[in-house]
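Okay, thanks for making time, everyone. I'll put the structure up and then walk you through the parts I spent my time on.

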Amino acid sequence: MPSVDSVRVAGLDVVFDRAGNGPPLVLVHGAAGDAREWQAQVSGLSDDFTVIAWDEPGAGRSSDVPAGFGLAGYATALAAVVQTLGSPAHVCGVSWGGTVVLEPYRRRPELVATLVLADTYAGWKGSLPEAEVRARVTGVERMLAEGFDPRFPGLFAADPPEDVTALLDTIAADVRRESVRVALGAVAAADLSDVLPTVAVPTLLLWGELDARSPLSVAHAFARAIPHAKLVVIAGAGHLSHLERPAEFNAAIRAFCRSRR
């Protein structure tokens, strides 16, 4: 079982799970998620790595986000978590979590040994057409008003397994809607496309073949922009490839990070 730790940064308590021994691997969840969505990675990779799965500010066991919190706030909090590890870390972000990961890389690249960017964006503004961004903001606002459904269309290529459905229902029951609105505003407005060509650490792009939220066209744009990035496509997986195809997801991370020791 992972141990629970926390760091105090900018008046916030940021909580994270820690398991295993070895080079640090930090896992950054998507919007409306928390550390629990990484259970298959924590259990599957902690034999090779010290696996850290955080609850971002406003999620899980971490403090609520204050007024005016934005992408810079998430970046500062994530950098503080990585600093507790005592050495540069492999840092993996999925979906919104990949956008979060890019901002601390911009600010504190010395904290990052490698990047794993999974089914993600350089912010919605940085990766999607303007009309699509507007439609997504409207759709998420409607869902938050009517009731949050963690299985809304586009997250999975097929019906998720029963254990994944149960996990997402449990996480959804703890979602703080105002915190999701803050994250939504941050990812919608973010354009980190200028960061991609500056990435100077080994980078794995890990994408579901059938991702309907961040399609393979976004993955290929990342691959063109990030020098020497490696793209691995997970067959039959959708947007949440770490939940839908955890064995393949874990194997790709293990092989990539082992080769960069």
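I'll go through one histidine, the cysteines, the cores, two helices, and then a few single residues. Keep in mind throughout that this is a predicted model.

So, let's start with His-239. You'll find His-239 in the loop between strand E8, residues 230-234, and helix H9, residues 241-244. Is His-239 buried or exposed? Its relative accessibility is 2%, so His-239 counts as buried; the cut-off for that is under 20%. What does its side chain do in there? One polar contact goes to the side chain of Ser-95, at 2.8 Å. Another goes to the side chain of Asp-211, at 2.9 Å. If you skip the neighbours within four places in sequence, the contact list of His-239 also has, among others, Asp-119, Tyr-121, Gly-154 and Arg-213. If you're setting up protonation states, those are the partners to have on screen.

Next, cysteines. How many disulfides does the structure hold? Zero. Take Cys-92: the nearest cysteine sulfur belongs to Cys-257 and sits 8.2 Å away, and Cys-92 is in no disulfide. The cut-off for a disulfide is sulfur atoms within 2.5 Å. Seen from the other end, Cys-257 is in no disulfide either, with the sulfur of Cys-92 as its nearest, at 8.2 Å. Cys-92 has 0% relative accessibility, so it counts as buried. Cys-257 also comes out at 0%, and therefore counts as buried.

On to the packing. The largest nonpolar core has 58 residues, and the members touching the most other members are Val-26, Trp-54, Leu-115, Trp-124 and Phe-222. Which helix gives the most to this core? That's H2, residues 71-83, with eight residues. To get a feel for one of those hubs, click on Leu-115. Leaving out residues up to four places away in sequence, Leu-115 touches Val-91, Val-101, Tyr-105, Val-199, Val-201, Pro-202, Thr-203, Leu-204 and Phe-256. There's also a second, separate core of 23 residues, including Ala-19, Leu-25, Trp-38 and Phe-49.

Now helix H5, residues 130-146. Quick sanity check on its geometry: 17 residues at 1.5 Å a residue should span 24 Å, and the end C-alpha atoms are 25 Å apart, which agrees. The buried residues of H5 are Val-133, Arg-136, Val-140, Met-143 and Leu-144. Why do I say they share a side of H5? Because they cover an arc of only 100° around the axis, which puts them on the same side. What do they pack against? Helix H4, residues 124-127, and helix H7, residues 177-189. Flip to the other side of H5 and you get Glu-130, Ala-145 and Glu-146, which are exposed. Right after H5 comes Gly-147, with a positive phi near 130°.

Same check on helix H10, residues 246-258: its 13 residues should span 18 Å at 1.5 Å a residue, and the end C-alpha atoms are 18 Å apart, which agrees. In H10 the buried residues are Phe-249, Asn-250, Ala-252, Ile-253, Arg-254, Phe-256 and Cys-257. You've met two of those: Phe-256 was on the Leu-115 list, and Cys-257 was the partner in the sulfur distance.

Then there's Glu-103, in helix H3, residues 96-107. Glu-103 has 7% relative accessibility, so it counts as buried. Its side chain makes a polar contact with the side chain of Arg-107, at 2.7 Å. Beyond its neighbours within four places in sequence, Glu-103 is in contact with Leu-71, Ala-75 and Leu-192. Glu-103 and Val-195 are 92 residues apart in sequence, yet their C-alpha atoms are 8.2 Å apart.

Last bit: backbone angles. Most residues other than glycine have a negative phi. Ala-32 isn't a glycine, but its phi is positive, about 65°. Ala-32 lies in the loop between strand E3, residues 24-28, and helix H1, residues 39-45, and it's buried, with a relative accessible area of 16%. His-228 is another non-glycine with a positive phi, about 60°. His-228 sits in the loop between helix H8, residues 216-225, and E8. Buried or exposed for His-228? Exposed, with a relative accessible area of 81%.

That's my tour, so over to you.

Definitions and conventions:
Residues numbered from 1 in each chain as written. Predicted model: local features only at pLDDT ≥ 70, side-chain atom pairs only at ≥ 80, totals over all residues. Heavy atoms only, no water. Helix = DSSP H or I, 4+ residues; strand = E, 2+ residues; numbered from the N terminus. Buried < 20%, exposed > 50% of the residue type's maximum accessible area, 1.4 Å probe, protein only. Polar contact = N/O pair within 3.5 Å; in protein donor to acceptor, adjacent residues only side chain to side chain. Contact = heavy atoms within 4.5 Å. Core = buried A, V, L, I, M, F, W, Y, C linked by side-chain atoms within 4.5 Å. Expected span 1.5 Å × (residues − 1). Arc of directions from axis to C-beta.
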